[in-house]
Amino acid sequence: MIDNTLSRRVFNVINIVFFLLYCLICLVPIIHIFSVSLSSSASVSAGRVSLLPVDFTLKSYDYVLKKDEFWKALSISVIRVIIGVVVNMLMTILAAFPLSKTTKEFKAKNFFVWFFVFTLLFSGGMIPTYMIVRYTGLLDSIWALVLPGAVPVFNVILLMNFFRAVPKELEESAFIDGAGYFRIMWQIFLPVSLPALATLTVFTMVSHWNSWFDGMIYMNDARNYPLQTYLQAILVSPNTKLMTKAQAELLRLISDRTLKAAQVFIAAIPILLVYPFLQRYFVSGLTLGSVKG
Amino acid sequence: MNSIKTSSRFKREWPLYAMISVPALLVLIYYYGPMFGVVMAFQKFEPALGFLRSKFVGLGNFERLFKLPDIWEVVRNTLFIASMKIIVETIAAILVAILLNEIQRKKFKRTVQTIIYAPYFLSWVILGGIFRDILAADGLVNNLLTAVGMESYNFLGQPKTFPWVLILTETWQLTGFNAIVYLAAIANIDPNLYEAAAIDGAGRLKQTWYVTIPGMSSYIVVMLILNLGYILNAGLDQILMLYSSVVYSTGDVIDTWVYRAGLQNAQYSLASAVGLLRSIVSLIMVAGSYYIAYKKFDYRVF
C-alpha cells in the first residue's frame, strides 16, 4: 500500500524514531557493561563511564584471564555444552523417530506419546528432583548437568512433527529394498531433517551454555561450577576486597565492578558469536504448534 | 492374533522399541522418579533413609505449611508478578509487532529485528550482572537521574517498586522475541480486508483497530491462555539474580521460597509440600489452558 499523505509521513518518522530508541534501550546496557570492563576503576567509580571506555585499560581482562578458577569453570562449561548437546540430540532423535510412526507401524506409540507429554504437564518439583539426582550418584559430577534434562521433551515433539512430514513413499521404497528402521532413520530421515536438526542443535547449545541453576544446586564444591554458575556466585556475593597492599597500583585500575563487567561480557561472547546462526533459525524453531482460523 | 503374525510384527517393530527405550528410561528416572519422590511431602524426610524408609506423617507438613506467616505473601507475590508480566509483556509485544509491520524499509526493519531479539538469548546471569551494575547506587541509571537533577533511587532495594523492576526488565528482555508470533499473525491477515476498509474510508489507525487487531485476536487469546498455564512461574532465574532479603516482602515467590527452604535450609519435606501444591495447580492450569486453546481455537502442539 502506497500512502504518501502528510500524516502518514509524520507517522513514519515517529515510528522510526521509536525503533531507534528501542534499539538503543536494548544495546546501551550491553555496551555500557563492555565499556565498564575496559575502563579504569577510578573513572568507573567517579561515574565518568557511560557508552565509551574512559582511561582505557585491559587490566580487568588480564586479571580475570589469569585466574585458575575462571579457566576451570570455562572448561566445565565447554565440556558440558559438548556432552549435553550430543546427549540431547541423540535422545531427541531416538524418541522422535518412533513417535512419528502411526499406531499401525508402532503399536505402543500412543502410550509413549503420553508417557513423554505428561512430563510437560506435571513434575515432582525441585526438591524431589534434587533427591533423585543425589540418589543416582550424580552430585558434583558433570552428568548432573546432562542426565536430568537429557530428554528435552519439547524438542522431541518438534522433531516428531518434522519427521511426520517426511513423505511416506521414501520409507516404503526403502522397506522394499530390505532396509530396517535404523537404516531408514539414518539414511532417509536424518538427511532430510538437517535444517530442523541444526535449529535444535543451536538452541540446545545456547540453553546448555546459559544454564546455571542446576550447577548451583547439584554441585556442592564450587570448583565444579560451570561458568555461568561461577559467575552467578561472584555477582550476587557482596563486594569483596580482593587485593593486598602490594597491588595498590592495580586497585586504581581494576575493582570488583570492572572485574564483574569483564566476566559478564566474556560469558556473553559465545552467544553473540552464534547469534547470526540463531537468528537464521529461530523463526523456524517457533513453528511448534499452530493456530487455525 | 496368531503367533506368526505377532512374531513378524515384532520383527519389524523391535528397532522402534530399542530406539525409544533409552530416552524412555531416562525420562522414567529423572521425570517420573521425582513424581514418585513427592511422597516426601507426606514424610518426615531424611536423605539417609530415602523415600521408602522415612517416617510417614500424613498431612503434617501441609498443616505446618499453612501456619507459616509468610507463605500467603509468597503466593500473592507470585501471582502479582507473574500476571503483571503476562499483561505488560503481551501488550508490549503486540504494540511492537504492529509498529514493526509498518516499517517499509526492509533493511532497517531487519536490523531492528536483529537488535531487539538479542536479549532473549542472554542468560539471567548475564542480564542480572548487567542490571545489578546499571541499577546500582553509582550505576548508569542513577548517574543519569542525578545529572538531570533528580534524586537517585535504590531500584533493587525498595520493596514497593521491586516487582516492577522484575516486570519491566523481563519485558525489556522478551518483547522483541515475543513480537515474532504476532508478526506472523499480522502476515496471515488477508490483504483484501485492508483494501475493503480503505474503500470504506478507514485511515491507517482505523484499519489497525478494525482489521489488524481483530485479525490477531485468535493468536492473542491463544498466547494469553497458554501463558496463563504458567501463572505460578514468576521467573526463578531472574529473581534469584536480582533480589535480596530487603525485598523478600514483595519479591519472594514460590520457587525462590522452595529453593531456600529446601536446598539452603534442608527443610526437605516442607519445601517439597509447597512444590507439590505448585505442581498440582500448574497441572490444572496448563492442562486446562491447552484444552481451551485446543477446543476453542484448534491450537495443537502435535
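**Exercise 1. Determine whether Arg8(A) is buried or exposed in this predicted model, and identify the residue of chain B with which its side chain forms a salt bridge.**

Solution.
Step 1. The relative accessibility of Arg8(A) is 4%. Buried means under 20%, so Arg8(A) counts as buried.
Step 2. The side chain of Arg8(A) meets that of Glu102(B) in a salt bridge, with a distance of 2.8 Å from N to O.
Step 3. Arg8(A) belongs to helix H1 of chain A and Glu102(B) to helix H4 (residues 71-102) of chain B; the pair therefore joins two chains.
Step 4. Glu102(B) has a relative accessible area of 12% and is likewise buried.

**Exercise 2. State how many salt bridges the rule finds across the interface of chain A and chain B, and describe the extent of the contact.**

Solution.
Step 1. The rule finds three salt bridges across this interface. One of them can be added to the pair of Exercise 1: Arg257(A) with Asp133(B), at 2.8 Å from N to O.
Step 2. There are also 19 residue pairs in polar contact between chain A and chain B, both residues being at pLDDT 80 or more.
Step 3. On the side of chain A that touches chain B, helix H1 (residues 6-37) of chain A gives the most, with 19 residues.
Step 4. That side of chain A consists of 72 nonpolar, 21 polar and ten charged residues.
Step 5. In total, chain A brings 103 residues to the contact and chain B brings 97 residues.
Step 6. The size of an interface is often expressed as the accessible area lost when the parts come together. Between chain A and chain B, about 9,100 Å² is buried, and carbon and sulfur atoms give 75% of this area.

**Exercise 3. Find which parts of chain A are tied together by the salt bridge of Lys168(A) and Glu105(A).**

Solution.
Step 1. A search of the whole structure gives 15 salt bridges over all chains. In the pair of Lys168(A) and Glu105(A), the closest N and O atoms are 3.4 Å apart.
Step 2. Lys168(A) lies in helix H8 (residues 168-176) of chain A, whereas Glu105(A) lies in the loop between helix H4 (68-99) and helix H5 (109-121) of chain A; the pair therefore ties together parts that are 63 residues apart in sequence.
Step 3. Lys168(A) is partly exposed at 32% relative accessibility, while Glu105(A) is buried at 14%.
Step 4. Both residues belong to a network of salt bridges that also includes Lys101(A) and Glu171(A).

Conventions. Residues numbered from 1 in each chain as written. Chains lettered and ligands numbered in written order. Predicted model: local features only at pLDDT ≥ 70, side-chain atom pairs only at ≥ 80, totals over all residues. Heavy atoms only, no water. Contact = heavy atoms within 4.5 Å. Buried area = accessible area lost by both parts, 1.4 Å probe. Salt bridge = Lys/Arg side-chain N within 4 Å of Asp/Glu carboxyl O. Polar contact = N/O pair within 3.5 Å; in protein donor to acceptor, adjacent residues only side chain to side chain. Helix = DSSP H or I, 4+ residues; strand = E, 2+ residues; numbered from the N terminus. Nonpolar A, V, L, I, M, F, W, Y, C, P; charged D, E, K, R; others polar. Buried < 20%, exposed > 50% of the residue type's maximum accessible area, 1.4 Å probe, protein only.
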